[in-house]
Amino acid sequence: MSILQRTFYNRPALEVARDLLGCRLVRFQNGQRLSGWIVETEAYQGEEDLGCHASAGKTHRTAVMYGPPGHAYVYFTYGMHWLLNAVTSREGTPAAVLIRAIQPEAGLEAMAENRPYQARKSGWTDGPAKLTQAFDINGDLNSIDLCSQGSGLWIESGQAVHDGQVSQTARIGLNSVPEPWRSIPWRFVAERGSIHG
DNA sequence: CGGCCGATTATCT
DNA sequence: GATAATCGGCCGG
């Protein structure tokens, strides 16, 4: 196991988003280790990116993105969901990568307990708000350092995902964001089956 | 599987 | 006071 260090995150969000595919998201909760392979990400970078929360400038909520890379940006949306991002780029440059989906590896029982509606549907971690529920991630973890185990949440290096197994599309859910930001292909998806579980 | 719709509240104007 | 980087339920195919 090798925890991704600050140099990994100290790059443009586009590069980090691509390279996070195949890495392992780890949560330590109640003495248990929950983990999964990252299979879908989105890059948000700069105040000029009108899809990025930082496009409204520095506020209490977005301040974390202006800070040093390698920290968690966890925010609340739609009145009920927490979404997890990793802050990228040098301090002063607001950018982050949204973790949209993971492929569960360990701690499935704990994930099931963390999820409501556990008996329903198929995936527990195939959406940005589903995985935060499964991993018990909420606002308490906003701004924590992902480069150490201290806060119980970090990312480890993992499996290499070949370029041929990665597809790039427009980011999801930016319904009122103007072009070109709405359609710019800053979403990265690892093809199903590319992660050997 | 795909599309539509209501839920529910922190954050910002 | 309006909006939102979503989800699950319900419908039709």
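# A guided tour: salt bridges first, then DNA

Start by selecting Arg 187 and Glu 40, whose side chains form a salt bridge with N and O 2.8 Å apart. Colour the chain by element and you will see that this pair links distant parts of it: Arg 187 sits in strand β8 (residues 187-190) and Glu 40 in strand β2 (residues 32-45), 147 residues apart. Switch on the surface for a moment. Arg 187 counts as buried, because its relative accessibility is 16%, under the 20% cut-off. Glu 40 is buried as well, at 10% relative accessibility. Do keep in mind throughout that you are looking at a predicted model.

Next, select Asp 49 and Arg 171. Here is another salt bridge, with the closest N and O atoms 2.8 Å apart. Which parts of the chain does this pair link? Asp 49 belongs to the loop between β2 and α3 (63-66), while Arg 171 belongs to the loop between β7 (166-169) and β8, and 122 residues separate the two. Both Asp 49 and Arg 171 are buried.

While you are on charged side chains, show Arg 24, Arg 33, Glu 105 and Glu 156 together: salt bridges that share partners join these four into one network. Then move to Arg 11 and Glu 15, where a salt bridge brings N and O to 3.6 Å. Is Glu 15 buried, exposed or partly exposed? Glu 15 counts as partly exposed, because its relative accessibility is 40%, which lies between the 20% and 50% limits. How many salt bridges are there by this rule? The count comes to 13.

Now turn to the nucleic acid, and pick DNA strand C. There are 24 residues around this strand; the ones that come nearest are His 53, Tyr 75, Asn 85, Arg 115 and Ser 176. Of the strand C atoms that come within 4 Å of the protein, 61% belong to sugar and phosphate.

Zoom in on three side chains here:

- Asn 85: a polar side-chain atom lies 2.5 Å from a base nitrogen of DNA strand C.
- His 81: a polar side-chain atom lies 2.9 Å from a base oxygen of DNA strand C.
- Ser 176: an N or O atom of the side chain is 2.2 Å from a phosphate oxygen of DNA strand C.

To see which elements supply this surface, highlight β3 (72-77), β4 (81-87), β5 (95-106) and α5 (128-134), each of which gives two or more residues to the surface near DNA strand C. Colouring that surface by residue class will show eleven nonpolar, nine polar and four charged residues.

Finally, select DNA strand B. Which residues surround this strand? They are Thr 59, His 60, Arg 61, Phe 76, Tyr 78, Gly 79 and Met 80. Sugar and phosphate make up 62% of the strand B atoms that come within 4 Å of the protein. By class, the residues near DNA strand B are three nonpolar, three polar and one charged.

For this stop, display backbone atoms too:

- Tyr 78: a backbone N or O atom lies 2.6 Å from a base oxygen of DNA strand B.
- Gly 79: a polar backbone atom is 3.2 Å from a sugar or linking oxygen of DNA strand B.
- Arg 61: a polar backbone atom is 3.3 Å from a phosphate oxygen of DNA strand B.

Notes. Residues are numbered from 1 along each chain as its sequence is written. Chains are lettered from A and ligands numbered from 1 in the order in which they are written. This is a predicted model: local features need pLDDT of at least 70, side-chain atom pairs count only at pLDDT 80 or more; totals for chains, interfaces and linings use all residues. Side-chain values use heavy atoms; hydrogens and water are left out. A residue is near a molecule or strand if one of its heavy atoms lies within 4 Å of it. A polar contact is a pair of N or O atoms within 3.5 Å; within protein, one must be able to donate a hydrogen and the other to accept it, and residues adjacent in sequence count only if both atoms are side-chain atoms. Helices (H or I, at least four residues) and strands (E, at least two) are DSSP runs, numbered from the N terminus. Ala, Val, Leu, Ile, Met, Phe, Trp, Tyr, Cys and Pro count as nonpolar, Asp, Glu, Lys and Arg as charged, and the others, Gly among them, as polar. Buried means under 20% relative accessible area, exposed over 50%, partly exposed in between (1.4 Å probe, protein chains only).
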